[in-house]
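Work through the exercises below with the model open. Try each task before reading its solution.

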Amino acid sequence: MQKHPIIIDNDTAQDDCVTILLALTDPAADLRAITTVAGNVPFDRQVANAQMTLSVAGRLGDVPLHLGCRQPMLRPWVSAEEVHGDGSGGLEIELDPDAISDEHAVDALIRLTAEQPGEISVVAIGPLTNIATAVVKDRRFVENVKSLYIMGGSNNGRGNTTSSAEFNFYVDPHAAQIVMEAGFTDLHIVTWDPITIRDATYSRARYDQLTSIDTPIAAFFKKVCDATLSFNESVGIDGSTHPDSITLAALLYPELVLEEGRYRVDVDTQSELTMGYSAMAWDKFGSEANAHVVERMDGEAFYDILARMLQTPSVPSRPIDGLAG
Ligand code: BDR
Ligand code: CA
């Protein structure tokens, strides 16, 4: 099986943790580094969540963890704690400072992709501050990245942070627009609406089935996803949402992408009403496409991939307080 070398740029909470686990356990993934960016929950909490995730897979210290930008470019940071709680379901770990790289995330993104130009893909599943900063710091980054997979925006559909904006694009719309205009030749976007809410949302019954698997990874998955599932149900979303991990799956298993279109994507940075809105224009408007926007995914096949991941045995690298077993 072909292994895809990847870097995951993320705001570690809930499905970001799931994405890291998938990258650590899936036979199609070769995880080279994890980079963190301001997003879901307070930055230092994200670092703890990332270390817990590496630890539950027995991989703490194996995969470099680089800390990145601690705030968006121009706007104040906005959290998603009302959605994810602390992002780990109240688990705690004693931090291992030796398992945190001294190199800034932006420098690591630039260096790793320059060492193997055109070979490493980036999966960006948080606000795009690190990615935009890498673009601004070293334009060669744009050519050196093989493929850039982004979880963000909605395809002219509803938002989840405001009526018009999805969280990742809302938190740092300026960074998102820099990335849209940067000229990445193979840029793919997995949206909130329709992809996440139609193809990557699993009902409580199916979630219970998934989380009944008896492994440390499955117990951890349940802990990190429970709060978000309850929040979703309180706002009328019928299940556990997996926007970030299905984005990684789109890269690892392109056959899961059932429909994809070429679009010109721009992110609103001007209007308070529609800040972070992603305008996705198709051919009709005569604009030059800058992205492949995923339009339909095979949610059933992805469910099976999650189930396989949860069956992976592991011995946690260090104790995680609150995790049974
Ligand atoms: C995005 O926001 C975060 O809360 C999730 O991890 C995902 O990246 C969904 O809007
Ligand atoms: Ca995320």
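## Exercise 1: the neighbours of a strand

The model is predicted. Strand β9 (residues 257-267) and strand β11 run antiparallel, joined by six bridges.

**Task.** Place β11 among its partners, and decide whether the strand is mostly covered or mostly open.

**Solution.**
1. Start on the β9 side. Glu260 stands opposite Val294 in β11.
2. Turn to strand β6 (residues 187-190). Two bridges join β6 to β11, and these strands run parallel.
3. Pick a residue on β6. Ile189 has Val293 of β11 as its bridge partner.
4. Check the burial. β11 spans residues 291-297, and five of its seven residues are buried, so the strand is mostly covered.

## Exercise 2: the calcium site

**Task.** Which residues coordinate the calcium ion (ligand 2), and with which atoms? Then classify Asp11 and Asp16 as buried or exposed.

**Solution.**
1. List the donors. Asp11, Asp16 and Asp244 coordinate the calcium ion (ligand 2) through OD atoms, with Asp16 listed twice, and Ile125 does so through its O.
2. Add the distances. They run from 2.2 to 2.8 Å.
3. Write the spacing along the chain. The donors of this ion follow D-x4-D-x108-I-x118-D.
4. Apply the cut-off: buried means under 20% relative accessible area. Asp11 has 0% relative accessibility and therefore counts as buried. Asp16 has 1%, so Asp16 is buried as well.
5. Set Asp16 in its helix. Helix α1 (residues 15-25) is mostly covered, with 10 of its 11 residues buried. Among the buried residues of α1 are Asp15, Asp16 and Cys17.

## Exercise 3: backbone exceptions

**Task.** Which peptide bond is cis between Asp193 and its neighbour? Where do Gln14 and Asn156 lie, and how is each classed by accessibility?

**Solution.**
1. Recall the background. Most residues other than glycine have a negative phi, and most peptide bonds are trans.
2. Take the cis bond. It runs from Asp193 to Pro194, with omega near 15°. Pro194 is found in helix α9.
3. Take Gln14. Its phi is positive, about 40°, although Gln14 is not a glycine. Gln14 lies in the loop between β1 (4-10) and α1. At 3% relative accessibility, Gln14 counts as buried.
4. Take Asn156. Its phi is also positive, about 55°, and Asn156 is not a glycine. The residue sits in the loop between β5 (145-151) and α7. Asn156 has 36% relative accessibility, so it counts as partly exposed.

## Exercise 4: the largest pocket

**Task.** How much space lies in the largest pocket, and which residues are closest to its centre?

**Solution.**
1. State the volume. The largest pocket holds about 450 Å³ of space.
2. Find the centre. There are 31 lining residues, and Val83, His84, Asn160, Phe167 and Trp192 are the closest to the centre.
3. Trace the elements. Two or more lining residues come from each of α3 (81-84), α7 (167-171), α9 (192-199), α11 (216-234) and α12 (243-252).
4. Sort by class. The lining has 13 nonpolar, 12 polar and six charged residues.

## Exercise 5: an aromatic pair

**Task.** What is the geometry of the pair formed by Tyr207 and Phe221?

**Solution.**
1. Count the pairs. There are four aromatic pairs.
2. Describe this one. Tyr207 and Phe221 lie 6.1 Å apart centre to centre, with 35° between the planes, and the pair is tilted.
3. Locate the partners. Tyr207 is in helix α10 (residues 204-211) and Phe221 in helix α11, 14 residues apart.
4. Check burial. Both Tyr207 and Phe221 are buried.

Note on methods. Residues are numbered from 1 along each chain as its sequence is written. Chains are lettered from A and ligands numbered from 1 in the order in which they are written. This is a predicted model: local features need pLDDT of at least 70, side-chain atom pairs count only at pLDDT 80 or more; totals for chains, interfaces and linings use all residues. Side-chain values use heavy atoms; hydrogens and water are left out. Buried means under 20% relative accessible area, exposed over 50%, partly exposed in between (1.4 Å probe, protein chains only). Helices (H or I, at least four residues) and strands (E, at least two) are DSSP runs, numbered from the N terminus. Two strands pair if DSSP finds at least two bridges between them. Donors are N, O and S atoms within 2.8 Å of the metal (3.2 Å for Na, K and Ca); water is not among the atoms, so sites may look incomplete. On a 1 Å grid over the protein atoms alone, a cavity is a set of points where a 1.4 Å probe fits but cannot get out, and a pocket is an open set with protein on both sides within 12 Å along at least five of seven lines; lining residues have an atom within 4 Å of a point. Grid points are joined across faces, edges and corners, and a volume is the space filled by probe spheres set on the points. Ala, Val, Leu, Ile, Met, Phe, Trp, Tyr, Cys and Pro count as nonpolar, Asp, Glu, Lys and Arg as charged, and the others, Gly among them, as polar. Rings of Phe, Tyr and Trp (its six-membered ring) pair if their centres lie within 6.5 Å; planes under 30 degrees apart count as stacked, over 60 as edge-to-face and the rest as tilted.
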